[in-house]
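Reader: I would like a close look at one part of this protein, one helix and what lies around it, set out as a connected account that I can follow residue by residue. Please begin with the stretch that comes after the helix, then work back into its packing and its charged side chains, and place the whole in the chain at the end.

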Amino acid sequence: GAGELGRRGGPLSFARTEDAYPRGFEYSDLARHPAVVLLPYTKSVMSFFELYRMNVPMFAPSLELLVQWERRHSLLKERIYWTAAPRPLRLANGTSLSPNTRDDPAALRHWLALCDFYHFPHITYFDSWPDLLAKLRSADLAATSAAMRAANRRLLDELRQQWRRLFLRMFRGAPPGSRAVPSDYDAAMRALYGQVPPSREPSCRRESRPEYGEWG
């Protein structure tokens, strides 16, 4: 109910996942925690989706707080993967704000706002550590978890319908298993798509150094 953690009294207990489970964990272990505080190391992390699908209430820094932490502490340490990266495409409906900066507040607000945890319902955002503690103590965690469960069910229904429509388009209404496809990979690609994808991996070489303002 409302204020569940606050009614328990005493200090709140926090632990990093790797400290709480030094020998590894099962998803059932994580699902038993009343809530999770998300301190992201990059813009999209698989554990966020896993926790959300298990209906575990989550608390995440507000956009303004995340911008501050990124500028002062480089919290999202894996957000920029390369020391050299390609210049972003300049599209008519795009932006000239660099995605590879930790210094420009406007660019950080633009790009960090696209993080996954800002686009899912029922995530609680905090503006400071005292704000986090207050919201943890006053939150109705059971209600939040129930709302997440309902959102997950709606999304599952939407995804099922979308995939049904895609399969109907792909197979033109043919029943499953009725399409004859060669067992040989190259022959199958030619039969289905008229060509065989090249086996050679594309080059990963980058000529730019955005941290120095240099673009190839």
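**Helix α5 and its surroundings**

Author: Ser 74 is found in the loop between α5 and α6, and the model in which we see this residue is a predicted one. Just after α5, Ser 74 takes a positive phi of about 50°, and this residue does so although it is not a glycine. Most residues other than glycine have a negative phi, which is the background against which such a value should be read. At 33% relative accessibility, Ser 74 counts as partly exposed.

A second residue with a positive phi can be set beside this one. Asn 55, again a residue other than glycine, has a phi near 65°, and its place is in the loop between α4 (46–53) and β2. With a relative accessibility of 12%, Asn 55 counts as buried, whereas Ser 74, at 33%, is partly exposed.

Going back into the helix itself, the buried residues of α5 are Leu 65, Leu 66, Val 67, Trp 69 and Glu 70. These buried residues pack against several elements, namely β2 (58–61), α6, β3 (124–126) and α7. Among these partners, α6 can be described in some detail.

Two packed helices are described by the angle between their axes and the distance between the axes. For α5 and α6, the axes come within 10 Å and cross at roughly 125°, and α5 is therefore oblique to α6. The crossing of the two helices is right-handed. On the α5 side, the contact is made by Leu 63, Glu 64, Leu 66, Val 67, Glu 70 and Arg 71, while α6 contributes Pro 105, Leu 108, Arg 109 and Leu 112. Sorted by character, the residues of this contact comprise six nonpolar and four charged ones, with no polar residue among them.

Glu 70 deserves attention in its own right, since this residue is listed both among the buried residues of α5 and among those that α5 brings to the contact with α6. The side chain of Glu 70 meets that of Arg 102 in a salt bridge, with 3.0 Å from N to O. Because Glu 70 lies in helix α5 (residues 63–73) and Arg 102 in the loop between α5 and α6 (105–112), the pair ties together parts that are 32 residues apart in sequence. The two partners differ in their exposure: Glu 70 is buried, at 0% relative accessibility, but Arg 102 is partly exposed, with a relative accessible area of 22%.

This salt bridge can be compared with others in the structure, where a search of the whole finds seven. Side chains of opposite charge can pair when their charged atoms come close. In helix α7, which is one of the elements that the buried residues of α5 pack against, the side chains of Asp 131 and Lys 135 meet in a salt bridge at 3.2 Å, N to O. Because Asp 131 and Lys 135 are four residues apart in helix α7 (residues 129–138), about one helical turn separates them. An α-helix has 3.6 residues a turn, so residues three or four places apart point the same way. Lys 135, for its part, is partly exposed, with a relative accessible area of 26%.

A further salt bridge joins Glu 18 to Arg 16, whose closest N and O atoms are 3.3 Å apart. Glu 18 is partly exposed, its relative accessible area being 47%, in contrast to Glu 70, which counts as buried at 0%. Arg 16 and Glu 18 are also linked with Asp 19 in a network of salt bridges.

Finally, the helix can be placed in the chain. The secondary structure comes to nine helices and three strands, and along the sequence these follow the pattern α-α-α-β-α-β-α-α-β-α-α-α. Of the 216 residues in the protein chain, 25% are buried, and those named above for α5 include Trp 69 and Glu 70. When contacts between residues at least 6 apart in sequence are considered, 66% join residues at least 24 apart.

Methods: Residues numbered from 1 in each chain as written. Predicted model: local features only at pLDDT ≥ 70, side-chain atom pairs only at ≥ 80, totals over all residues. Heavy atoms only, no water. Salt bridge = Lys/Arg side-chain N within 4 Å of Asp/Glu carboxyl O. Buried < 20%, exposed > 50% of the residue type's maximum accessible area, 1.4 Å probe, protein only. Axes fitted to C-alpha atoms, helices over the stretch in contact; angles between N-to-C directions. Parallel < 35°, antiparallel > 145°, perpendicular 65-115°, else oblique. Left-handed = near helix turned anticlockwise from the far one by under 90°. Contact = heavy atoms within 4.5 Å. Nonpolar A, V, L, I, M, F, W, Y, C, P; charged D, E, K, R; others polar.
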